[in-house]
Amino acid sequence: MAAESGLPNALNELARRAAVGDGLPVDRKLAYALYTQAGQQRSKEALVFLGRAAETGEFGEQNQQKALRLYDQAARLGDLETQRYLSK
């Protein structure tokens with residue numbers, strides 16, 4: 001299976017499904033862990049998700065510095081929405 005081999009797109013898809021309960025039971029901790037794994041592999045989608053989580057405190061304390069660092073990583077990888085967000 002692709003996610004077992006650590007492919008970022010597969011990890012992101014499983015994370016999304018776990019977060020919303022699409023074909024899986026809702027498991028926000030699993031979703032965060034999978035997005036973290038994908039982010040470590042330079043997935044823009046995962047880095048944006050993790051940035052939002054840090055910004056909002058959805059999975060713990062709010063951490064604006066961490067959020068900006070994650071957004072910056074996503075922007076440097078070419079995420080246009082994040083580039084626009086950071087340019088404001």
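In this predicted model, helix α1 meets helix α2 through Pro-8, Leu-11, Asn-12, Leu-14, Ala-15, Arg-16, Ala-18 and Ala-19. The partners on α2 are Arg-28, Leu-30, Ala-31, Leu-34, Tyr-35, Gln-37 and Ala-38. By type, the residues of this contact split into eleven nonpolar, two polar and two charged.

Now the geometry. Two packed helices are described by the angle between their axes and the distance between the axes. Here α1 and α2 pack at an angle of about 160°, and their axes lie 8 Å apart. Angles over 145 degrees count as roughly antiparallel, so α1 is roughly antiparallel to α2. The crossing of α1 past α2 is left-handed.

The helices that feed the core are these:

| Helix | Residues |
|---|---|
| α1 | 8-20 |
| α2 | 28-40 |
| α3 | 44-56 |
| α4 | 64-76 |

The largest nonpolar core has twelve residues. Its members are Leu-11, Ala-15, Leu-34, Tyr-35, Ala-38, Ala-46, Leu-47, Val-48, Phe-49, Leu-50, Leu-70 and Ala-74. Each of α1, α2, α3 and α4 supplies at least two of them. Helix α3 gives the largest share, five residues. Some core members also sit in the α1 to α2 contact, among them Leu-11, Ala-15, Leu-34, Tyr-35 and Ala-38.

One loop residue deserves a look. Ser-43 lies between α2 and α3. Its relative accessibility is 6%, so Ser-43 counts as buried; the cut-off is under 20%. Beyond its neighbours within four places in sequence, Ser-43 contacts Pro-8, Asn-12 and Ala-38. Those three residues also take part in the contact of α1 with α2.

Conventions. Residues are numbered from 1 along each chain as its sequence is written. This is a predicted model: local features need pLDDT of at least 70, side-chain atom pairs count only at pLDDT 80 or more; totals for chains, interfaces and linings use all residues. Side-chain values use heavy atoms; hydrogens and water are left out. Axes are lines fitted to C-alpha atoms, for helices over the stretch in contact, and angles run from 0 to 180 degrees between N-to-C directions. Helices (H or I, at least four residues) and strands (E, at least two) are DSSP runs, numbered from the N terminus. Angles under 35 degrees count as roughly parallel, over 145 as roughly antiparallel, 65 to 115 as roughly perpendicular and the rest as oblique. A crossing is left-handed if the near helix is turned anticlockwise from the far one by less than a right angle, and right-handed if clockwise. Contact means heavy atoms within 4.5 Å. Ala, Val, Leu, Ile, Met, Phe, Trp, Tyr, Cys and Pro count as nonpolar, Asp, Glu, Lys and Arg as charged, and the others, Gly among them, as polar. A nonpolar core is a set of buried Ala, Val, Leu, Ile, Met, Phe, Trp, Tyr and Cys residues joined through side-chain atoms within 4.5 Å. Buried means under 20% relative accessible area, exposed over 50%, partly exposed in between (1.4 Å probe, protein chains only).
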